[in-house]
There are 2 protein chains.
Amino acid sequence: MAHRSSSSSSRHVADTSLEVLAAVFTVRPGGTPHTGTPPGLHVLLWQRAQEPDLGRWALPGGIVLPSEDVDASASRQLAEKVDLTRVSHLEQIGVFSAPDRVPGVRTVATGFLGLVPLITQGDHDPQIPADTAWHPVDRLPEMAFDHRVITERAHQRLQAKLSYTNLAFALAPASFTVAELRRIYTCALGHDVDPTNLQRILTRRGMLEATGTTAPPGPSGGRPAAMYRFTLREYRVTDPFAAFRPR
Amino acid sequence: MAHRSSSSSSRHVADTSLEVLAAVFTVRPGGTPHTGTPPGLHVLLWQRAQEPDLGRWALPGGIVLPSEDVDASASRQLAEKVDLTRVSHLEQIGVFSAPDRVPGVRTVATGFLGLVPLITQGDHDPQIPADTAWHPVDRLPEMAFDHRVITERAHQRLQAKLSYTNLAFALAPASFTVAELRRIYTCALGHDVDPTNLQRILTRRGMLEATGTTAPPGPSGGRPAAMYRFTLREYRVTDPFAAFRPR
DNA sequence: CCAAAAGTGTTCTCGTTACACCCATGT
DNA sequence: ACATGGGTGTAACGAGAACACTTTTGG
């Protein structure tokens, strides 16, 4: 067994443990004044109560069990922090394996990108543990170990995939107006998006359909906005070819 | 240490080992008649000489050492199979962690996509070990464990990145004609590519520049082809926006 | 002078952007 | 009525695909 002989001495095994770490993003609605939550894209973090890196903020996750693969492990461990039915997308973003990335036993992490839909006023703000909070991605706190790098990589992946896949469904509620959808894209991408074209592009790609209902207008009047939904609520690549289409 | 307590009993540790596996691709030139090597995209595989999966073909790789991260490990282990200076690109494609993916000790693999430039008649066919061979990707042999899945994922990643990055540099020799470059794209993508537009697109993106020299024409005459090189021989995303450009 | 291969120029099409204009509702 | 926001139409632009045409070599 040539390619495995190097670790055959299973005593004094230089034990490595395998963990998963998930950067779970959501778009928070415009700042409710009293809470002071700023609008924009947020990440779920929990604050460490022990050394090392006491007080710093960490990504949710933990050790992979012998009976599960890393994807199942990420799902399971997120269930402790946030309602699993709300996690609408979860995907690997890479392995973080620098030998000294955490002190103590060598621990290799598989990073994940997770997405949770925008909370609309209809449903209740889902409960998260006391040591856990949503943080705006443009003002991340002091983070534990290499978790900041993992968070940034996940954010980059999200931005890239928003333009050529239907991944936005995972950040959007079941139904929404074009203005709400625009806010989701704007927050996640970090730059403005034209609502006119957004609707047309997504409609042409067959991603969007009208529900038939309308949302009530705001306090200052205005035409009521039509509600839309995504035709498909599972991940799909919608525009795979930047160049060199098959002929 | 809440999120790590589950593995704190470091005796009877359900030991997991971490391996790297690299799907290394190259484009082989048109079939030299006596060897019978078919043209197209090929993967480097070695044939197992022990159980389990004796006789099946496996991806090169091996166990990650405590002192190295997975990327360094993949580089190191490839050096045993193929000259490292020829491996022009190496990137993670994902974690393969099904509990039963290999018999025996639980082994989690990090899959890699590797690329080696096309062999031109100038340089000598680099030596590879006796149990190792290049296999065409469209006719893969019986493969060990889950290595076929890893190979296919790597191939998909290669195809996707060829259209919106400069990744082709890693498959191309130092200088080449547009016709040779077209063959590289055709083989890697699996569909035909118009040489006219290929040159213009890559030129407009600033990826291509003429060397000034020309290649001698073939035996049946014809205009001598100009030689080109890639302006940049390191990975870069050239066309990141499929839609929703910043304004 | 003809065949073969490489390179250039032109048109067509399609998707995205930008922006003006029309529509529906509350006050 | 009119202000306020939502939705539609249309022109401009850019990138890629398709294809005819010119250029340069060997026989």
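Trainee: What share of contacts in chain A between residues at least 6 apart in sequence join residues at least 24 apart?
Mentor: It's 65%, where a contact means heavy atoms within 4.5 Å. Bear in mind that this is a predicted model: local features need pLDDT of at least 70, side-chain atom pairs count only at pLDDT 80 or more, and totals for chains, interfaces and linings use all residues. Residues are numbered from 1 along each chain as its sequence is written, chains are lettered from A and ligands numbered from 1 in the order written, and side-chain values use heavy atoms, leaving out hydrogens and water.

Trainee: What makes B:Val70 count as buried?
Mentor: Buried means under 20% relative accessible area (over 50% is exposed, in between is partly exposed; 1.4 Å probe, protein chains only). B:Val70 is among the buried residues of helix α1 (residues 70-79) of chain B, along with B:Ser73, B:Ala74, B:Gln77 and B:Leu78, so each of them falls under that 20%.

Trainee: How do you know that they sit on the same side of α1(B)?
Mentor: Their arc, taken from the directions from the helix axis to the C-beta atoms, is only 125°, so they share a side. Those buried residues pack against β5 of chain A, and against β1 (16-28), β4 (61-63), β5 and β6 (106-115) of chain B.

Trainee: Why is B:Asp69 called a cap of α1(B)?
Mentor: A polar contact is a pair of N or O atoms within 3.5 Å; within protein, one must be able to donate a hydrogen and the other to accept it, and sequence neighbours count only if both atoms are side-chain atoms. A side-chain oxygen of B:Asp69 lies 3.2 Å from the backbone nitrogen of B:Asp71, so the pair is inside the cut-off and B:Asp69 caps the N-terminal end.

Methods: Helices (H or I, at least four residues) and strands (E, at least two) are DSSP runs, numbered from the N terminus.
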